[in-house]
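Work through the following exercises with the sequence and the model side by side, and try each task before reading its solution.

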Amino acid sequence: MNPLTVRQHDTATGPVLHVAGDLDYDQAPVLRGRLDQLSLSPGECLVLDLSGLEFCDSSGITALLAARQHALAAGADVVLAAVPANLMRVLTLVGLDQVFTLRPDSSAAS
């Protein structure tokens, strides 16, 4: 088990959260807690850089959906960047590749 780390840096278009480790049942509250503290403004774009993500289960996917809801409630957009291949496969299988905006890396997301 790899603990989840969430690092933030702000850009002109909005915050980028670098998510690394395991996004699972035990660790999903870490991301949710970070989102609860995140202030977004209308028109901003929240980027979740998943390049360091090693594992994601259904609780992790639910946390990603919660991030989307948080952004939409604030009138902001959300982008998943650098999605690992195994997670991309799952997102595609369940149709979430049509729900999220996906980018190859966080620099392309802004």
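**Exercise 1. Find where Ser-59 lies, decide whether it is buried or exposed, and list its contacts.**

Solution. Begin with the position along the chain: in this predicted model, Ser-59 is part of helix H2. Next, turn to accessibility, where a residue is called buried if its relative accessible area is under 20%. Ser-59 has a relative accessibility of 18%, so it counts as buried. Finally, look for its partners: once the neighbours within four places in sequence are set aside, Ser-59 is in contact with Asp-24, Tyr-25 and Ala-28.

**Exercise 2. Determine which residues of helix H1 are buried, and explain why they lie on the same side of the helix.**

Solution. First pick out the buried residues of H1, which spans residues 28-37: they are Ala-28, Leu-31 and Leu-35. These residues cover an arc of only 70° around the axis, and therefore they sit on the same side of H1. A general rule helps here: because an α-helix has 3.6 residues a turn, residues three or four places apart point the same way. As a check, examine the other side of H1, where Asp-36 and Gln-37 are exposed. The last step is to ask what the buried residues of H1 pack against, and the answer is strand S1 (5-11), strand S2 (14-23), strand S3 (45-56) and helix H2 (58-73).

**Exercise 3. Work out the order of the strands in the sheet, and say which strands are at its edges.**

Solution. Take the strands pair by pair, starting with S1 and S2, which pair in the antiparallel sense over 7 bridges. These two strands form a hairpin with 2 residues between them, and one of the bridges can be located by finding His-9, whose partner in S2 is Val-16.

Move on to S2 and S3, which run parallel and are joined by 7 bridges. Here Gly-21 stands opposite Leu-53 in S3, while the bridge partner of Asp-22 in S3 is Phe-55.

The next pair is S3 with strand S4 (residues 77-81), which is parallel and has 5 bridges; within this pair, Leu-48 stands opposite Leu-80 in S4.

Putting the pairs together gives an open sheet of 5 strands in the order S1-S2-S3-S4-S5, with mixed pairing. The edge strands are S1 and strand S5 (101-103), since each of them pairs on one side only. From one strand to the next, the twist averages 25°.

As for burial, 9 of the 10 residues of S2 are buried, so this strand is largely enclosed by the rest of the structure.

**Exercise 4. Follow the chain between the parallel strands S3 and S4, and state the handedness of the crossover.**

Solution. Start from the pairing itself, in which S3 and S4 are joined in the parallel sense over 5 bridges. The chain leaves S3, passes through H2 and arrives at S4, and this β-α-β crossover is right-handed. To place the helix, note that H2 lies across S2, S3 and S4, and that it runs at about 175° to S3.

**Exercise 5. Explain why Cys-56 is not bonded to Cys-45.**

Solution. Begin with the overall count, which is 0 disulfides in the structure. Cys-45 is in no disulfide, and the nearest cysteine sulfur, that of Cys-56, is 19 Å away. A disulfide requires the two sulfur atoms to be within 2.5 Å, and the 19 Å between the sulfur of Cys-56 and that of Cys-45 is therefore too far for a bond. For the surroundings of each residue, Cys-45 is buried, with a relative accessible area of 12%, and Cys-56, at 18% relative accessibility, also counts as buried.

**Exercise 6. Describe what stands out in the backbone of Ala-82, and say where this residue lies.**

Solution. Recall first that most residues other than glycine have a negative phi. Ala-82, although it is not a glycine, has a positive phi of about 55°. Its place is the loop between S4 and helix H3 (85-93), and with 17% relative accessibility Ala-82 counts as buried.

Key. Residues are numbered from 1 along each chain as its sequence is written. This is a predicted model: local features need pLDDT of at least 70, side-chain atom pairs count only at pLDDT 80 or more; totals for chains, interfaces and linings use all residues. Side-chain values use heavy atoms; hydrogens and water are left out. Buried means under 20% relative accessible area, exposed over 50%, partly exposed in between (1.4 Å probe, protein chains only). Helices (H or I, at least four residues) and strands (E, at least two) are DSSP runs, numbered from the N terminus. The arc is that of the directions from the helix axis to the C-beta atoms. Contact means heavy atoms within 4.5 Å. Two strands pair if DSSP finds at least two bridges between them. A crossover is right-handed if, with the strands pointing away from the viewer, the path from the first strand over the helix to the second runs clockwise. Axes are lines fitted to C-alpha atoms, for helices over the stretch in contact, and angles run from 0 to 180 degrees between N-to-C directions.
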